Amino acid sequence: MPLVLPLLLAVVLFCIGVYGVLARRNVITMLMSFELMLNAVNLNLVAFDAWRVDEATGQTLAIFVITLAAAEIGLGLAIVLLLFRGHGHVDADAARDLEEAS
Amino acid sequence: MTTALFSVAGAVAVVAAVVVVVSRRIVHAALWLVLALGAVAGCFGALQAEFVALVQILVYVGAIVVLVLFALMLTKAPMKPLPELTTGRSPFAAGVAAVLALILGAGVVFAFGNEKIKPVTDGSAKTVGTQIFKNWVLPFEVLSVLLLAALIGAIALSQRKKED
């Protein structure tokens with residue numbers, strides 16, 4: 001298999017994620033786009049690991065990134081729920097104040 | 001054979017990811033995310049990384065998408081299509097994404113255009129586990145502390161009472 005195939009797939013997925021983060025308004029859909037971008041990174045790690053055949057270093061790092069993604073989505077969704085409780089919406093464009101929800 | 005398998009899974013992943021970012025129904029976008037992440041897991045499988053593929057299905061499809069669906073439910077996301085879900089700056093966003101794809105794709109093709117992946121099986125749980133507990137013990141422990149901190153942070157955020 002040519003190495004560029006997984007790398008180009010990762011590039012396409014990453015750019016779809018970038019589009020989603022920039023174009024979406026709902027915070028939860030933005031978080032979903034973040035997940036797509038992290039998946040592109042994982043694809044890169046696994047592809048390079050398959051290319052340089054060495055003891056699964058890239059796969060280990062991919063598992064670390066998956067753990068990071070889990071931590072990120074947990075905290076992110078907690079923040080989104082707090083935003084919804086304080087403002088009644090989850091619109092990233094309308095959340096302009098950095099004050100505490102009171 | 002592997003290349004064909006990878007290409008099919010990759011095409012499914014790209015189509016599903018596009019639907020995730022352009023769909024006007026939020027819940028449908030979350031469900032298409034399942035397909036996109038599952039197809040990426042298939043790509044991992046085609047690259048002989050079976051343990052990563054299984055972890056991807058367990059953590060992403062099993063946990064993260066369920067969390068996203070719970071968050072959609074708790075924020076009263078409507079089931080009907082929302083035209084205002086995508087902002088007016090989406091042409092600008094598409095331009096940025098296209099330029100980025102062009103630059104990154106050209107760089108990747110320029111740098112690794114002639115390299116080949118030889119199919120070798122070294123993605124079993126045994127290999128990855130040996131690697132984690134032999135060479136990557138400290139990052140692994142730091143990561144577990146980080147996960148704990150994120151969990152405590154999420155609990156603290158969601159338990160917060162309104163002041164006054």
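Start by selecting residues 61-84 of chain A: this run is 100% helix and 0% strand, and its end C-alpha atoms sit 34 Å apart. (Helices here are DSSP runs of H or I with at least four residues, strands are runs of E with at least two, and both are numbered from the N terminus.) UniProt, in an unreviewed entry, gives those residues the feature "transmembrane region"; UniProt positions follow the numbering used here, feature names are shortened, and annotations may be inferred rather than shown by experiment.

Before you click on, keep in mind that this is a predicted model, where local features need pLDDT of at least 70, side-chain atom pairs count only at pLDDT 80 or more, and totals for chains, interfaces and linings use all residues. Residues are numbered from 1 along each chain as its sequence is written, chains are lettered from A and ligands numbered from 1 in the order in which they are written, and side-chain values use heavy atoms, with hydrogens and water left out.

**Still on chain A**

Pick A:Val41, which is in helix α2 (residues 27-51). A:Val41 is partly exposed, at 33% relative accessibility. (Buried means under 20% relative accessible area, exposed over 50%, and partly exposed in between, using a 1.4 Å probe and protein chains only.) Now add A:Ala71: the two C-alpha atoms are 16 Å apart, with these positions 30 residues apart along the chain.

Next, show A:Arg25 and A:Asp91 as sticks. They make a salt bridge, with the closest N and O atoms 4.0 Å apart; the term means a side-chain nitrogen of Lys or Arg within 4 Å of a carboxyl oxygen of Asp or Glu. What does the pair tie together? A:Arg25 is in the loop between α1 (4-23) and α2 of chain A, and A:Asp91 is in the segment after α3 (57-87), so the contact links parts that are 66 residues apart in sequence. A:Arg25 is partly exposed at 25% relative accessibility, and so is A:Asp91 at 21%. Over all chains, the structure holds one salt bridge.

**Over to chain B**

Colour α1(B). Its 21 residues should span 30 Å at 1.5 Å a residue, and the end C-alpha atoms are indeed 30 Å apart (the expected span is 1.5 Å times one less than the number of residues). Buried residues in α1(B) include B:Phe6, B:Gly10, B:Ala13 and B:Val20. The buried set of α1(B) covers an arc of only 135 degrees around the axis, which puts its members on the same side of the helix; the arc is that of the directions from the helix axis to the C-beta atoms. Flip to the face turned away from the buried side, and you'll find exposed B:Val8 and B:Val15.

Keep B:Val8 selected and add B:Val12, B:Trp32 and B:Leu35: together they make a nonpolar surface patch of about 330 Å². α1 (2-22) and α2 (26-46) each supply at least two of the patch residues. B:Trp32 belongs to helix α2 of chain B and is partly exposed, with a relative accessible area of 35%.

Follow the chain to B:Gln48, in the loop between α2 and α3 (50-74). Its phi is near 70 degrees, a positive value in a residue other than glycine.

Last stop: α6(B), residues 137-158. Which residues of α6(B) are buried? Select B:Leu143, B:Ala150, B:Ala154 and B:Leu157. They cover an arc of only 65 degrees, which puts them on the same side of α6(B). The face turned away from them carries exposed residues, including B:Leu138, B:Val145 and B:Ile155.

Conventions
Patches are made of residues with over 30% relative accessible area and no salt bridge: like charges are joined within 9 Å, nonpolar side chains (Val, Leu, Ile, Met, Phe, Trp, Tyr) within 5 Å. Accessible areas come from the Shrake-Rupley method with a 1.4 Å probe; for residues, only the protein chains shown count as cover.
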